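Here are my notes on this entry, point by point. Please read them with the coordinates open.

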Amino acid sequence: MQTLDKTHPKLQELKTRLTEIDDINSASSLLYWDQATYMPPGGAAARGRQMATLRQIAHTKFSDPAIAQLLEDLRPYEESLPYDSDEASLIRVVRRSYERAVRVPADFMAKMSLHRTQSYGAWAKARPENNFAAVQPYLEKTLDLCRDYASFFSGYEHIADPLIDGADYGMKASTVRSLFAELRQELVPIVNAIASQPIADDSCLHQTFPEDEQLAFSLKVIEQIGYDFQRGRQDKTLHPFMTNFSIGDVRITTRVRENDLNEALFSTIHEMGHALYEQGINPEYEGTPLATGTSSGVHESQSRLWENQVGRSRNFWKFCYPQLQAAFPNQLSNVPLETFYRAINKVERSLIRTDADEVTYNLHVMIRFDLELALLEGNLAVRDLPEAWNERYRSDLGVVPPNDSVGVMQDVHWYTGSIGGMFQGYTLGNMMSAQFFEAALKANPQIPTEIEQGKFSTLHNWLRENIYQHGQKYTAAEIIERVTGNCLSINPLIRYIQQKYGEIYAL
Ligand code: ZN
């Protein structure tokens, strides 16, 4: 393992400043974690202000000209080092973030942060009331702010590019569009072929499963896979997420539905995948911008790989199903493994993205991505969004939302200040998860047999070695190239879906 240089005084100074900023950001993340888990509703207004204040301080400190000077002073040192040395990588990554950050005024960041909290509050209230009119003005302001944000990055090809680039560095709307078009062309016939068959019976998952027992079981699952509880914990929330305050404190959240075994189980495995990534970063990177996942797509690939390629595989349940039956004997002792396996892999054209199966999921993402581009381009007004949403669900998935709560208001993203830049990562992540998993199997063909025996260390170590440890050192494109020898491609995902669902549905 390489170590970050301890001797160059300017690099030391840069690191000291970066760690101070990281401390402020971590405090802000902790405030967010608390808001989403234990904070009483009365804390909302002050909490929004507190987080905005911290973000503004961090932003001001990071865009300080002293950072620019240090980066400039370090340029010859950086150029004397190999590209993949930790020192050169740190300087490179900081320079990239710095050049982004200085384009955005600190008061804009604070305004955005405050708006985000207010908009989230409005959505949380309006969604159960099915009241789109109540969130429309917030969403209009979000759109204005996102367009303003893009305007700080003049010279872009598409107005969404600066937003996409912030989450998935190096990606553009045009690249994503063409990858999605290719993927869609392959997926639609598969979805149609499955939809013409009887829908799988998943009633075994919809009995009553007491909350405490579900939580205990899902914790046991992730402990066996390799989540480190000395460096993490799980709590309940409304919309599950992973967050971290250091490499030694990487937390996950989940939600439970007593009449749906899928929810807590797979959201826990999903968030664990995000957490394994962050727990696996080289500890030398602590407190620096290298100590984070490299892009939203790569991050999502790690959660989806554990959730789907592992967690929804027959091999995994050959190992784990007896434990599940023992935890819920009344509900499952008479349900055969194969029935359970088909239930957790039921394919259905449905309304809710987060509940969607692996085959239809990406169609949900594409709808949001296209609508975001139309909004940003000015070709779709916020007031027309519910109708546009419903129309796309009718044409793409053959279902029409009965109300906006399960339609245009279902996802939190647009209501936390992000139009553009967030949804593409889900599908890019699905593509990468299949591509990485293929590479892992090529290097270690015994992985499926090991999973069947409850042994996850070969896969976990391979991911740690090839992906996790590097944090943000390499870009997504570099990681894919290093790990698979290819660039990002839809083919591994299509192969995976064809093989798995071809067998389940005899396509
Ligand atoms: Zn995720």
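Which helices each supply at least two residues of the lining of the largest cavity? The points below take this up, then move on to the metal site, the cysteines and the backbone. Keep in mind that this is a predicted model.

1. **Largest cavity: the helices.** The answer is α12 (296-310), α18 (424-443) and α22. Each of these gives two or more residues to the lining. From α12 (296-310) come Arg304, Asn308 and Gln309. Asn430 and Ser433 fall within α18 (424-443). Leu493, Tyr496 and Ile497 lie in α22 (491-505). Glu358 and Asn362 are also on the list of lining residues.

2. **Largest cavity: volume and character.** Its volume is about 70 Å³. By class, the lining has five polar, three nonpolar and two charged residues. The charged pair is Arg304 and Glu358. Tyr496 is counted as nonpolar here, because the classification puts Tyr in that group. Bear that in mind when reading the class counts for this lining.

3. **Second largest cavity.** The structure holds two cavities of 30 Å³ or more. The second largest has a volume of about 30 Å³. Its lining is made up of Gln214, Phe217, Ser218, Leu261, Ala264, Leu265 and Phe328. Two elements, α10 (211-225) and α11 (261-279), give two or more residues each. The class split is five nonpolar, two polar and no charged residues. Gln214 and Ser218 are the polar pair.

4. **Zinc site: donors.** What coordinates the zinc ion? The donors are His270 through NE2, His274 through NE2, and Glu300 through OE. The distances run from 2.1 to 2.2 Å. Along the sequence, the donor spacing reads H-x3-H-x25-E. Water is not among the atoms, so the site may look incomplete.

5. **Zinc site: setting.** Why are His270 and His274 separated by about one helical turn? The two residues sit four apart in helix α11, and that spacing accounts for the turn. Helix α11 (261-279) also contributes to the lining of the second largest cavity. Glu300 falls within the range of α12 (296-310), a helix that lines the largest cavity. Are the two histidines buried or exposed? His270 has a relative accessibility of 10%, so it counts as buried. His274 is buried too, at 9%.

6. **Cysteines.** How many disulfides does a search of the whole structure find? The count is zero. Cys204 is in no disulfide, and the nearest cysteine sulfur, that of Cys320, is 15 Å away. A disulfide here needs the two sulfur atoms within 2.5 Å, so that pair does not qualify. Cys204 is buried, with a relative accessible area of 6%. Cys146 is likewise buried, at 1% relative accessibility.

7. **Positive phi at Asn130.** This residue is not a glycine, yet phi is positive, near 55 degrees. Asn130 sits in the loop between α6 (106-126) and α7 (132-151). With a relative accessible area of 33%, Asn130 is partly exposed.

8. **Positive phi at Ala506.** Phi is near 45 degrees, again a positive value outside glycine. Ala506 belongs to the segment after α22 (491-505). Its relative accessibility is 66%, so Ala506 counts as exposed.

Methods: Residues are numbered from 1 along each chain as its sequence is written. This is a predicted model: local features need pLDDT of at least 70, side-chain atom pairs count only at pLDDT 80 or more; totals for chains, interfaces and linings use all residues. Side-chain values use heavy atoms; hydrogens and water are left out. Buried means under 20% relative accessible area, exposed over 50%, partly exposed in between (1.4 Å probe, protein chains only). On a 1 Å grid over the protein atoms alone, a cavity is a set of points where a 1.4 Å probe fits but cannot get out, and a pocket is an open set with protein on both sides within 12 Å along at least five of seven lines; lining residues have an atom within 4 Å of a point. Grid points are joined across faces, edges and corners, and a volume is the space filled by probe spheres set on the points. Donors are N, O and S atoms within 2.8 Å of the metal (3.2 Å for Na, K and Ca); water is not among the atoms, so sites may look incomplete.
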